[in-house]
Protein chains: 2
Amino acid sequence: MENKELFRLLAGKNSLRLELELKLNDMIKREYYTKSQIILKPGQIPNRAWFIEKGSAMGFVFKEEKKVPFWFWNENDIMVPLNSFFNQVPSETYIELLEPSILLSISFEDVQEILLGFPESNDYVRKIMQDYQKMSEKRILEFAAYTPEEHYLHLMRDCPAIFRKASVESIAAYLGISRKTLNRIRSRTRRF
Amino acid sequence: MENKELFRLLAGKNSLRLELELKLNDMIKREYYTKSQIILKPGQIPNRAWFIEKGSAMGFVFKEEKKVPFWFWNENDIMVPLNSFFNQVPSETYIELLEPSILLSISFEDVQEILLGFPESNDYVRKIMQDYQKMSEKRILEFAAYTPEEHYLHLMRDCPAIFRKASVESIAAYLGISRKTLNRIRSRTRRF
DNA sequence: TTCGTTTTGGGACATTTGTCCCTTTTTTCC
DNA sequence: GGAAAAAAGGGACAAATGTCCCAAAACGAA
């Protein structure tokens with residue numbers, strides 16, 4: 001069955017209604033991208049919501065000529081710039097693929113059609129937003145309540161995949177510290 | 001008209017349908033609280049979503065015997081612990097009022113009833129979540145991309161009300177820095 | 001009001017982090 | 001495969017932040 005992983009993610013332990021699955025199968029587009037492709041830029045209005053079937057991506061902004069990543073997405077993640085997609089306003093951030101990737105996507109218009117035609121889909125969208133919110137709050141607490149070293153170790157535990165895909169520079173900026181500090185932490189915590 | 005500010009916030013530039021307004025007026029409870037009252041504790045399932053008609057509040061956790069605030073709410077803010085309220089799972093955080101406050105609130109069951117009976121209310125809930133998400137991402141970027149001083153100055157600009165309501169200790173913890181550092185920043189940036 | 005408690009601001013010093021380098025290693029692209 | 005470019009790790013020093021204080025100010029309950 002196509003798009004199996006995505007549907008499982010949307011419906012949780014239940015399944016999607018068959019009509020909805022069929023409809024979505026018609027709407028969903030599968031596209032192949034190469035490493036380092038930029039799929040969203042500031043000023044663009046994102047007209048599709050993505051799901052990463054294979055690969056990974058990073059959301060970032062520029063601060064004084066430097067990329068500051070604020071989000072990483074991995075395989076099986078739903079990737080939606082919530083504000084700019086749902087309000088159809090220009091993005092303020094970039095999204096860049098970290099490796100060759102396969103993305104599923106659905107257009108804004110199709111999402112609207114689904115929301116109108118399938119009332120339960122409102123719950124699915126709400127669930128997606130809650131998950132983002134939960135991760136954001138966790139992230140904020142990591143910044144506010146933990147030392148850089150704790151923050152790093154938590155990221156390492158919760159999301160080890162990142163470390164095989166993003167540069168040390170990016171991870172340091174994501175943690176809000178300098179590359180030097182991240183190097184220090186890594187040599188300090190390396191266990192042989 | 002009762003609950004005017006809340007309705008304006010929900011509907012944006014349009015108005016709520018009259019039927020919905022009447023229904024909400026029936027459901028909404030107005031309650032008076034004193035300073036420092038704790039209205040949500042870890043372990044509790046929040047059964048109401050709040051709107052601050054008057055007053056302010058702070059969400060926090062404890063880290064090593066110290067309060068770490070992760071969110072401040074002010075007058076005319078919708079105050080909902082998104083994850084624990086909508087999934088009806090135990091909260092992991094505290095919410096404490098910073099001053100004598102008047103809160104409007106609606107129960108989880110009533111929200112469900114509204115969502116079923118008034119399809120457009122799904123948009124209102126989505127809007128609330130988007131606003132939270134937008135603020136969270138802003139917050140994350142403040143941590144990742146700005147120095148403590150910049151972070152402080154932005155907070156000062158965007159939310160000066162906080163400084164009249166929360167302690168220096170709380171604001172420092174909210175910014176992820178020590179009280180000493182916040183004091184240094186303040187004396188450095190004070191302009192006479 | 002008054003006394004006890006809490007909060008605030010700042011000094012001294014230790015620790016951590018950042019900046020600026022340079023060298024080595026890894027990656028990228030003909 | 002090999003040259004050029006990019007990324008990583010770490011040394012030396014400067015800058016910042018944190019911890020532990022204490023005294024002054026503000027607050028709060030009787």
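**Exercise 1. Find where B:T93 sits in this predicted model, and decide whether it is buried or exposed.**

Start with the chain B elements: B:T93 is in the loop that links α3 (82-87) to β7 (94-97). Next, check its accessibility. The relative value for B:T93 is 14%, and buried means under 20%. So B:T93 counts as buried. Finally, look at who it touches, skipping neighbours within four places in sequence: B:T93 is in contact with B:L40, B:K41, B:P42, B:F60, B:V61 and B:F70.

**Exercise 2. Work out the strand order of the open sheet in chain A, and say which strands are at its edges.**

Walk across the sheet strand by strand. You should get β2-β7-β4-β5, 4 strands with antiparallel pairing. Now look for strands that pair on one side only: these are β2 (38-40) and β5 (66-73) of chain A, the edge strands. Going from one strand to the next, the twist averages 35°.

Then zoom in on one pair. β2(A) is joined to β7 (residues 94-97) of chain A by 2 bridges, and the two run antiparallel. If you pick A:L40, the residue opposite it in β7(A) is A:I95.

**Exercise 3. Describe how the protein meets DNA strand C.**

First, collect the residues around the strand. There are 16 of them, and A:S178, A:T181, A:R184, B:R179 and B:N183 come nearest. Of the DNA strand C atoms within 4 Å of the protein, 44% are sugar and phosphate.

Second, ask which helices contribute. α9 (179-189) of chain A, plus α8 (168-175) and α9 (179-189) of chain B, each give at least two residues to this surface. Sorted by class, the surface has 8 charged, 5 polar and 3 nonpolar residues.

Third, go through some polar pairs:

- B:R179 has a side-chain N or O atom 3.0 Å from a base nitrogen of DNA strand C.
- B:N183 has a side-chain N or O atom 2.8 Å from a phosphate oxygen of the strand.
- A:K35 places a polar side-chain atom 3.1 Å from a phosphate oxygen.

**Exercise 4. Do the same for DNA strand D.**

Here you'll find 14 residues around the strand, with A:V168, A:R179, B:S178, B:T181 and B:R184 coming nearest. α9(A) supplies the largest share of the surface, 4 residues. By class, the count is 3 nonpolar, 5 polar and 6 charged.

Now the phosphate oxygens of DNA strand D. A backbone N or O atom of A:V168 is 3.0 Å from one. For A:N183, a side-chain N or O atom is 3.0 Å from a phosphate oxygen, while for B:K35 a polar side-chain atom lies 3.5 Å from a phosphate oxygen.

Notes: Residues numbered from 1 in each chain as written. Chains lettered and ligands numbered in written order. Predicted model: local features only at pLDDT ≥ 70, side-chain atom pairs only at ≥ 80, totals over all residues. Heavy atoms only, no water. Buried < 20%, exposed > 50% of the residue type's maximum accessible area, 1.4 Å probe, protein only. Contact = heavy atoms within 4.5 Å. Pairing = 2+ DSSP bridges. Axes fitted to C-alpha atoms, helices over the stretch in contact; angles between N-to-C directions. Near = heavy atom within 4 Å. Polar contact = N/O pair within 3.5 Å; in protein donor to acceptor, adjacent residues only side chain to side chain. Nonpolar A, V, L, I, M, F, W, Y, C, P; charged D, E, K, R; others polar.
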